[in-house]
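Open the model in your viewer and keep the selection box handy. We will walk through it one stop at a time.

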Amino acid sequence: MPGCRTPMRLLLVEDDARLAGAVRSWMGHAAIDVDWVTTGAEIETALRRGIYDWLVLDLGLPDVDGEEALRGLRAAGFDLPVVVVTAREQVQDRVRLLDLGADDFLVKPVHLDELAARLRAVRRRQGSTGDIVLRHGALVLVPASRTVSLAGRYIALTNREFWLLETLMAHHDRVVTREALIESLHGWNEDIVGNALDVHVHNLRRKLGRGVIRTVRGVGFTLYPQA
């Protein structure tokens, strides 16, 4: 399907405003949207409001120990890739971080080109640029080729429709909140006014049939079981 790739999103947990500004500027050149929070207490709220491709976590947070924050988000079921930024250089510290659920780590001082390379490497290891296929009943979505089919019939979608469907299929076992979807659509530099999100969902239903996407009133959207 023609069109640009879905914008990628990074949640940065860092209390150093200067470093955060540099990361946001650098990632912007790579077409990666960066949301920034400064404390461990904000992590879970941010993850429940938005859909992210990575989390970069500085262990030296002002309110909680970074290791506890990492342990807590894994215990809460968040499985997105986490790259830890740390001043600790001992091998046993790195081993403990990996055992706690980190996917990679960087020792300070942070070199932004290395951070970008490690983010790409994590994505490759998770198969994000490979042959992932999302399936939900007769509905099949292939991110790499940006194609969607329903019962073997090709469905032409706009970029935003494709992204919304990909998000819902990737999180088929839970409700994706309206706030998370609207926040992510801002990554398209789209002015979210009125019922723009509902218009996109309506168009998806028109193309896929009304038995695919279910509205959870007052919360958001999810997929019907085995659409």
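Here is a tour that starts with the whole chain and then visits two sheets and the helices around them.

**Before you click**

This is a predicted model, in which local features need pLDDT of at least 70 and side-chain atom pairs count only at pLDDT 80 or more, while totals for chains, interfaces and linings use all residues. Numbering runs from 1 along each chain as its sequence is written, and side-chain values use heavy atoms, with hydrogens and water left out.

**The whole chain**

Colour by secondary structure and you should find eight helices and twelve strands. These are DSSP runs numbered from the N terminus, with at least four residues for a helix (H or I) and at least two for a strand (E). Next, colour by accessibility: of the 227 residues, 47% are buried. Buried here means under 20% relative accessible area, exposed means over 50%, and partly exposed is in between, with a 1.4 Å probe and protein chains only. The accessible surface is about 11,500 Å², and carbon and sulfur atoms hold 51% of it. Areas come from the Shrake-Rupley method with a 1.4 Å probe, and for residues only the protein chains shown count as cover.

A contact map is a good companion too. Among contacts with a separation of 6 or more, 57% link residues 24 or more positions apart; a contact means heavy atoms within 4.5 Å.

**Stop 1: the five-stranded sheet**

Select the strands in the order E2-E1-E3-E4-E5, which form an open, parallel sheet. Pairing requires at least two DSSP bridges between two strands. At the edges are E2 (32–37) and E5 (104–107), each paired on one side only. From one strand to the next, the twist averages 20°. Angles run from 0 to 180 degrees between N-to-C directions, using axes fitted to C-alpha atoms, for helices over the stretch in contact.

Zoom in on E4 and E5, which run parallel and are joined by four bridges. Pick Val85 and look across to its bridge partner in E5, Leu106.

**Stop 2: helix H3**

Now select residues 66–75, helix H3; its buried residues are Gly66, Glu67, Ala69, Leu70 and Leu73. Turn the view to look down the axis: these buried residues fall within an arc of 160°, so they line one face of H3. The arc is that of the directions from the helix axis to the C-beta atoms. An α-helix has 3.6 residues a turn, so residues three or four places apart point the same way.

What lies over that face? The cover includes helix H2 (43–49), strand E3 (54–58), strand E4 (82–86) and helix H4 (91–100). H3 lies across E3 and E4, at about 170° to E4.

Check both ends as well. At the N-terminal end, Asp65 caps H3, with a side-chain oxygen 3.0 Å from the backbone nitrogen of Glu67. Just after H3, Gly77 has a positive phi of about 95°.

**Stop 3: Leu47**

Step over to helix H2 and select Leu47. Leu47 is buried, with a relative accessible area of 6%. Leaving out residues up to four places away in sequence, Leu47 touches Leu11, Tyr52, Leu55, Phe78 and Leu80. Try a distance label to Leu11: the two C-alpha atoms are 8.2 Å apart, although these positions lie 36 residues apart along the chain count.

**Stop 4: the three-stranded sheet**

Select E10, E12 and E11, an open antiparallel sheet in the order E10-E12-E11. E10 (176–177) and E11 (213–216) are at the edges with a single partner strand each, so one side of each has no neighbour in the sheet. Helix H6 (159–170) packs on this sheet, touching E10, E11 and E12, and its direction makes about 70° with that of E12.

E10 and E12 (220–223) share two bridges, and Thr177 has Gly220 as its bridge partner. Val216 also stands opposite Gly220. E11 and E12 form a hairpin with three residues between them, and Gly218 in the turn has a positive phi of about 80°. Both faces of E12 are covered, with Gly220 and Thr222 buried on one side and Phe221 and Leu223 buried on the other.

**Stop 5: Glu161**

Finish in helix H6 with Glu161. Is Glu161 buried or exposed? Glu161 is buried, with a relative accessible area of 3%. Show its side chain together with that of Lys207: a polar contact of 2.7 Å joins them. A polar contact is a pair of N or O atoms within 3.5 Å; within protein, one must be able to donate a hydrogen and the other to accept it, and residues adjacent in sequence count only if both atoms are side-chain atoms.
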